[in-house]
Structure formats: structure tokens, C-alpha cells
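Trainee: I should like to understand how the terms used for a protein model are justified. May we go through them one at a time?

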Amino acid sequence: MWRIVFLTIHSWLWTSQPAKVPVLSYSDSLLLVMQQKPADSNTVNACYAYGLSVLPEEISKAAQAFKRGLNVSIALNYRKGIADFACHYMYIQDVKGEYMASLKLLEKAISIYDSLGLHSDRATAICYKGMEYQQMGNYPAAAEAYLEALKLSEQLDDQSISGLVINRLATVFIALGDYEKGYHYASRAYDSGRKSGNLRRMALALVNMGNSKNYSGDFPAANRLYDKALAISRQTDDSLLVLSALTSRARVYTNQQHHQQAIEAYQKAMQLWPIPDAENQLVLYLGYAKALYSSGQYRQANTYLDKALTLARQCHSSDLLKQAYLAASDNQAAQKNYKEALALRQLYEQLNDSLTGINSRKMVQQLELQYQSEKKDRDLAEQQLLLAKKDLQLQQQNTWIGIFLSGLIFLVIAGYLVWYRFRQKSYRQRQHLQMLKAERTVEILEAMMKGEEKERKRLSRELHDGVGGLLSAVKMHFCAFRNERDWLHENESYNHALQMLDEAIIEVRKTAHNLAPDQLSRLGLANALELFCKNASHSRQLQISFYTNGEIRQLKSSFELSIYRIVQELVNNIIKHAQATEALVQVTQHQHLLTITVEDNGVGFEQSTHPHRGIGLKNLEERIRSLNGQLTITAIPGHGTTVYIEFNTSATQPIQLQPVF
């Protein structure tokens, strides 16, 4: 049963390590990698993967693969591969009972992992060292190794290793008879497996929990735990775990004297055939034989006891061979074959005595281990001195590397500065060209606006002095004519014509003032706009309201004139196109932000089909853009139009126009 646990644990840890070649599913694919030329670290990993894939059915092939991996690692001076060999080959040595040899290899592996800074691998090797001590029966040393590995894994926050070590600590306490503490550690291992979703760890932990309950006499609880372990083991599709759960449950039935249930449990375990490991077969045969002869089926028990004896000799498992001799002797005695029973009993006694000698040798081996430990300390000091020399050489190499990197960084920085200066120069040139283009555009707009203002002044003067004066002279003649003829005072047609003449004179004056608004300089922007709105809505069906929030600070005259023309253009558009009855002009100023809103309740228009159409609107957009302003038009068919204009008066560089009136 020990090798069930060992192989399951070893497969977890090996597959969880970051391999340098993909883990392949078929032995043939691994063999191809093993045979590649020239050999490299991929070859080493393939050798170890192949050895694990054929265990435990073909131990000799596995041993050859592991040794080839070691030889390639030595040839390449691949130190991690040398250390990995110890963690893999220990299974081969354990089958032969060479536990001391495994411990020596593991000590070397731990030292290599430590020097390479592979702390997770080091913790794993320390855990394996504890497993070797446990197989030797040295439970205090095993517990010490497990606790050291647990401390290191917790420092690394490596849940895979800590969960494994906790499970192994549970087996130590169970073997020492401290079932309560064994159950405690097994429960912790189960919780760790559940949190990480590791079904194999959960199954092994449940088996250990069941063993604690079984050996303490709580058979119902043990059965429940074994059943749960069996269910989880089947989910993993791991025959070794299923076999462990089945044989553990069968032992409970045997301890309860429920021989028929024990036989049925062992028969279910038999269905997992072929069982790959000879030792696992031995445990199964021995347990099944005990259940058979306990129920009186002596002949069938003989068959499985003979198989168990043969396998025990092949596995070099002295403890299981001793149990097989004793069970076979009891079975022969139950059949009244006392001669055979006596011979088997004598073999049992001889082996039992030899095992006592083995225990003595184990004590000597422990003393030797202490000596070897002191020797290793001295060797370690020498290695540290050697490492110090190598560190000095490494520092010198690092100095040259630092000088090279510094030079490289300097060249990179210099190249970047040259590129950056070239980029900035190109950017400034593009900016200069854009500025010249913008200045040219502003000059053109300035010339156009000057021309417009000059033409407006001329038209205003002609209207005011020419047409206005002519109309005033006509009115004077009409009044003189009425004074000469009294009857005209009562003539409605005459009076109506005279009234129309007055209105014409007023309209001419309004038009003249709109063309050349001298009220801007006299009244200021807000009052001039208010007067314009009042005049524009006089004697019309359109009522234009003007609103301002607070005082509008005085701005440059050219800028104010541009604002006045923009509002004038928008109001004229409402009069011509909007068919509106009400309109609102709103001017507000907050710090350096001047906003103008012009809205009406007219017919509006469809923006998607008429996006800012017309020369007037395009000219308006150009004028606003030249003043560094932003224009937003919102129009809804049947619901009017809203125009929102925004100027930043601090950043605005208005066109310097000199009014010509």
C-alpha cells in the first residue's frame, strides 16, 4: 500500500513542475525525444517522464530511463537534472529496500536545489526524505523532515507541497497510534485539496481519516470516509487510488468480523486487474486470503496465500512476507495440516528474528547519518568557500556587463535625443506653416470685412443723405400743400399717404443705422443689440426679445462690431426664413467666457439633409472661427432653431478692424 501513496504523490509533483518540454501522453513519443541528437535538457526531462510512464509495471525500463537521464545531466552539467534523478530513482531503490542509498541521493538533491534557488523543489526533496525515514520506521526523523518541508512550503505559499506534507504527517501520527492528531492533519489535508480542487489529495486524505477511525474502533465512521474516498477516486480515473480505498474498506469489514462483506470488497478490488504494482497485488492477495480463511474457505485461501508468498519474496518486503507466513500457517492449522503449519510457523519465527536484526541495523544507520551530517557540514563550508570565489568572478563579469549596458544605454539615449530634436524641428516647421496659412486666411477675412464695412458705410450715407433727404423734402412739400388747402386736413387718403411717407422715412433711417451702427460706440454692445432687436420687431408680426445676464464688459471695438454683425445676420435669417412669431437673443458673460444664444419658434429645418447650407451660414462659420469661437446649431422641423455661439475673450485675437463710420 505504501507504493500506492508514493506513486500517486510523485505523479502530482512531477506533472506540476514547469517542464521544458511538453508532457507527452505516449511512451513512443517520449522515446523519440530521448533519442534526439544532440542530447539536451529536453532529453533529460523526456527520460524522467518515460520512466514515470512505465512505472510500476516495468521497473527495469524505468530504472534504465532514469539512469540515462542522470548520465545526460552529468555530461551537460545540468545540475537540476542530477537532483531530479534522486527524486525519481528513489522508487527503484525502495523496491529493493535500499533506503539509505535513497537518503544519500536526496541529501545531495536538496543541496543542489538550495544552491540553484529552487526552493519548491527543495521542499519536495525534504518531503521525500521524510518518506524514506518513515519507510525505515524512524518516525521522529520523518516528522522532523515533514515539519521542515511544511515550514518551507508555507513560506513559499505553495499549497501543492504543504497539502502533501500535511497528509504525510497524518500517516506518521497514525503509525504512532495518535489517531486523534492523525485525523486532525488528514482533515487539514482534505480541506487543502478541496480548496485547490485536487481530487487525488482529497481521496488520500479521506483514506487517512478513515484509517484513524478504523484503528480507533469507530468502524461506521471509517466506512463512510472510505466510501467517500472511493467515490472521489473513481472521478480521478486513478486505479491505484480506487484500489487503496477498496482495500482499506475491506480491512474494516475484516476487523468487524464481517467476513462476507470483506470478501466482496476484495473481489471488487480484484476487478481492477491488472494491478500494475507487485506490492499492491501482494497486499490485495494477503487481505483477500485472510478474509477467505476467516470465513472457512481454506482451499481458496491457500491459492491466494501462495501468490502472496511468491510476490513477497519478489518485492523484498520482509514485513509483508512475515505476515504471509503467519497467515499461511494459521490457514494450514485450520485445515489440520499441522506439519505444513509448523514449517510455515518456523519460517515466520526466523523472519521475525531477522527483522529484529534489521531494526538494530536501522539504529546504526541513524548514527551513521549523524556522522554523515557533520561531514556534510564541513563539505558545505568548503563548497561555500568555492562559491565565494565563483561569486567574485561573477561580480567581475557583472562589472563588465554593467559597463557594456551603460554604454548601450548612453547610445540609446543619444539616439533618442537626436530623433527627438529632429521631430521637434519638424513639428515647429509644420506649426509655422500652419500659422502662416492661418494668418493668410485672417488677412483675407480682414480685407473682406473691411470691404464690407466700407460698402455698408457708403450705402448708409447714400440712404441717409440721399434717399432720406429726398423723402424729407417730399414730406415738406406735402405739408406745405396741405396748409394751402384746408380741405386736405380732412381728406383720409391724403393723411394716409402722409403717414406712409413718415413710415418710409423711419425705415430708411433704421436701415441706414443698421448698415453703420454708430450706437455701438455710443451705447455699448448690449444696449446696441437690444435697440437692434427692438427696431427689428417694430411694426412686424415677429417679436424679438433681448436678454442679458449682468453687465457685458467693453471689448475691442472691432470684436464688438463683429459680434453685432453676427447677431444681425442671424436675426435677418429668422426674418427671411423662419416664419417665426417669437425670437430670443441672449448675451451673457462669465469671466472670460462670452456666450450668444439666438433661438426662434419657426419652422426649423432638417439638419441631416441640410447641414449648414447656404453661403450666408458658411461665411458666418468662417467669421466665428476667425474669432476663435465655436458655433452650434440645433434645428428641429416644426419646432424652431437654436444657435449657440461661445467665445473665450481671453484667448480671442479678433481681427483689428478700424470702423469707417
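The conversation below sets computed values against the definitions behind the terms.

Mentor: Please keep in mind that this is a predicted model. The protein chain has 23 helices and five strands. Buried residues make up 43% of its 661 residues.

Trainee: Why is Thr 641 called buried?

Mentor: The relative accessible area of Thr 641 is 12%. Buried means under 20%, so Thr 641, at 12%, is buried.

Trainee: Which residues does Thr 641 touch, not counting those up to four places away in sequence?

Mentor: Contact means heavy atoms within 4.5 Å. On that basis Thr 641 touches Val 598, Glu 599, Asp 600, Gly 604, Phe 605, Ile 633, Thr 634 and Ala 635. Thr 641 lies in strand E5, residues 641-648, and Asp 600 stands opposite Thr 641.

Trainee: How do you know that E3 and E5 pair?

Mentor: Two strands pair if at least two bridges are found between them. Eight bridges join E3 to E5, so the requirement of at least two is met. The two strands run antiparallel, and the bridge partner of Val 598 in E5 is Val 643.

Trainee: What makes E2 and E3 a pair as well?

Mentor: The reasoning rests again on bridges. Strand E2, residues 582-590, and E3 pair in the antiparallel sense over eight bridges, where at least two are needed. For example, the bridge partner of Gln 586 in E3 is Thr 597. In the hairpin of E2 and E3 there are two residues between the strands, and Gln 591 takes a positive phi near 55°.

Trainee: Why is strand E3 said to be largely enclosed by the rest of the structure?

Mentor: Strand E3 covers residues 593-600, and six of its eight residues are buried, so the strand is largely enclosed.

Trainee: What is the order of the strands in the sheet?

Mentor: The open sheet of five strands has the order E1-E2-E3-E5-E4, with mixed pairing.

Trainee: What makes E1 and E4 edge strands?

Mentor: Strand E1, residues 543-549, and strand E4, residues 629-635, each pair on one side only. The twist averages 10° from one strand to the next.

Trainee: Which strands does helix H22 touch?

Mentor: Helix H22, residues 557-578, packs on the sheet and touches E1, E2, E3 and E5. Its direction makes about 15° with that of E3. Helix H21, residues 525-537, lies across E1 and E2 and runs at about 165° to E1.

Trainee: How do you know that the length of helix H9 agrees with what is expected?

Mentor: Helix H9, residues 159-175, has 17 residues, and at 1.5 Å a residue they should span 24 Å. The expected span uses one less than the number of residues. The end C-alpha atoms of H9 are 25 Å apart, which agrees.

Trainee: What makes H9 mostly covered?

Mentor: In H9, 14 of the 17 residues are buried. H9 is followed by Gly 177, whose phi is positive, near 90°.

Trainee: Why is H13 described as largely enclosed?

Mentor: Of the 17 residues of H13, 14 are buried, so H13 is largely enclosed by the rest of the structure. Helix H13, residues 239-255, reaches 24 Å from its first C-alpha to its last, close to the 24 Å expected. Just after H13, Gln 257 takes a positive phi of about 65°.

Terms used. Residues are numbered from 1 along each chain as its sequence is written. This is a predicted model: local features need pLDDT of at least 70, side-chain atom pairs count only at pLDDT 80 or more; totals for chains, interfaces and linings use all residues. Side-chain values use heavy atoms; hydrogens and water are left out. Helices (H or I, at least four residues) and strands (E, at least two) are DSSP runs, numbered from the N terminus. Buried means under 20% relative accessible area, exposed over 50%, partly exposed in between (1.4 Å probe, protein chains only). Axes are lines fitted to C-alpha atoms, for helices over the stretch in contact, and angles run from 0 to 180 degrees between N-to-C directions.
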